[in-house]
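Open the model in your viewer and keep the selection tool at hand. The stops below are in the order in which to select them.

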Amino acid sequence: MGISEETLEKFGRYHNPSLARLLKFTGYAAVEEYAEGVRITDSEGRTFIDCGGGYGVFSLGHRHPRVVQAVKDQLDRMPMSSKVLINKQLADLAERLAQVTPGDLQYSFFCNSGTEAVEGALKLARLATGRTRIVAAENAFHGKTFGGMSASGRDIYKEPFQPLVPGFDHVPFGDTAAMAAAVNDDTAAVILEPVQGEGGVVVPPDDYLPAVRRICDEHGVLLILDEVQTGLGRTGRLFACEHWDVVPDIMTMAKALGGGVMPIGAFTASAAVWKCLSTRPLIHTSTFGGNQLACAAGIAAVDAIVEERLPERAAVLGERMMAGLEELRLRYPDIIKEVRGKGLLIGLELTDPGYGGYIIPEMVKGGVTAVYTLNNPGVIRFEPPLVITEEDIDTVLRVTGDAVARAAGAGVNM
Ligand code: PLP
């Protein structure tokens, strides 16, 4: 047995049998061995343009030199915090986030993943308001711990784990009237993704987030914007809420914050919200959260994203990619229903989710990693590193076009 078969067998036997079968079916049955920039090389020596981008982790590409160097330097000094002396890297990253996040967001708490950031944000909202109810959106994705799951809006991930955290109401995303009807004086917070990622890349109407902000203000309700996937340049602005000039009371982030090198999450809030923690310094804590290694990666990542002007790059390249995919849709309207997105967070909705089972493996064969969105298997996501070149985008478009053409030619019947 080669290393790929051996590892797949082990993965299935000791980790996740059904995922092992799915990986084999979609053509991913090889070990990922090396990655640099936008490319991943597998154990068979095949190279892929990483169009899944770790679902938003690899905005800086793989192994960005500046982040790798910062982490190596920190590793040789002090990777983990004693938790008793003062952690400089944590303070520096918190300052950076206060500088780059919109409005009056100032204080940050660090954790290790997106869902932990959401947990912290929900707890903070309850503490700051003394209220318990949370309004979230249908089809939302906020993670898979109990709070994140309770806020999420797809039943198949939630039903087996009932009862979830009480007090969550879900309304259709983008529907201002439904939000106005759901929010009242018992509501602690509204939690939304500015653009739904796992829901299938859904961009709300332009007046939606400003209206939600107003509704929240009218009832003294906090607005939590979950920028775990959209944050740090992905949609063409540093934070997606900036497209609509909306400042949340609490913002969550993770994924790209670690620069593609370290896991880290954070929630950031205004001084007014954070005040409720002032007499309770240890009410929300994390052993690993804010460790120096992750914070060193975070500082380098934020600096690189800002200095390399990656949000602007995402905006320009996103237009190129969407224009190419839209051309493809016009050629194959029976297969592609819609192309939508912002910056380099793009979804291609198929007329039938079944087409994905043919198109995705064909794209993989053509050297492009492709995946569908978690809450909507009928949408193939395009979420490449923001450092991708025009030339690589054109390659992705060609490979996608060939895959769709083969699906059409093969008469894949839905
Ligand atoms: N929130 C959003 C908007 C996400 O897209 C995700 C993950 O895709 C999460 C939260 C959960 O993040 P994690 O998988 O790091 O827990």
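What kind of unit do strand 7, helix 9 and strand 8 make? Select helix 9 (residues 208-219) together with the two strands: they make a right-handed β-α-β unit. Right-handed means that, with the strands pointing away from the viewer, the path from the first strand over the helix to the second runs clockwise. Helices (H or I, at least four residues) and strands (E, at least two) are DSSP runs, numbered from the N terminus.

Before going on, note that this is a predicted model, in which local features need pLDDT of at least 70 and side-chain atom pairs count only at pLDDT 80 or more, while totals for chains, interfaces and linings use all residues. Residues are numbered from 1 along each chain as its sequence is written, and side-chain values use heavy atoms, with hydrogens and water left out.

Now select strand 7 alone (residues 187-192). Six of its six residues are buried, that is, under 20% relative accessible area with a 1.4 Å probe, protein chains only. Add strand 8 (residues 222-226): four bridges join it to strand 7, and the two run parallel. Here alanine 189 has leucine 222 as its bridge partner. Then add strand 5 (residues 133-137), which also pairs with strand 7 in the parallel sense, over three bridges. Strands count as paired if DSSP finds at least two bridges between them. Arginine 133 has threonine 187 of strand 7 as its bridge partner.

Next, colour the two domains, whose bounds come from an automatic or database domain assignment. Domain 1 is 31-63 + 309-409, and domain 2 is 65-307. Their centres, taken over C-alpha atoms, are 26 Å apart. Across the boundary, 34 residues of domain 1 are in contact with 37 residues of domain 2, contact being heavy atoms within 4.5 Å.

Now show the largest nonpolar core, a set of buried Ala, Val, Leu, Ile, Met, Phe, Trp, Tyr and Cys residues joined through side-chain atoms within 4.5 Å. Of its 90 residues, Met179, Val190, Leu192, Met321, Ile359 and Phe382 touch the most other members. Helix 11 (residues 292-307) gives the largest share, ten residues. Each of the two domains supplies at least three residues.

Finally, select serine 150 in helix 6 (residues 146-151). Is serine 150 buried or exposed? Serine 150 counts as buried because its relative accessibility is 2%. Leaving aside neighbours within four places in sequence, its contacts are Lys158, Leu164, Val165, Phe168 and His170.

How values were computed: Buried means under 20% relative accessible area, exposed over 50%, partly exposed in between (1.4 Å probe, protein chains only).
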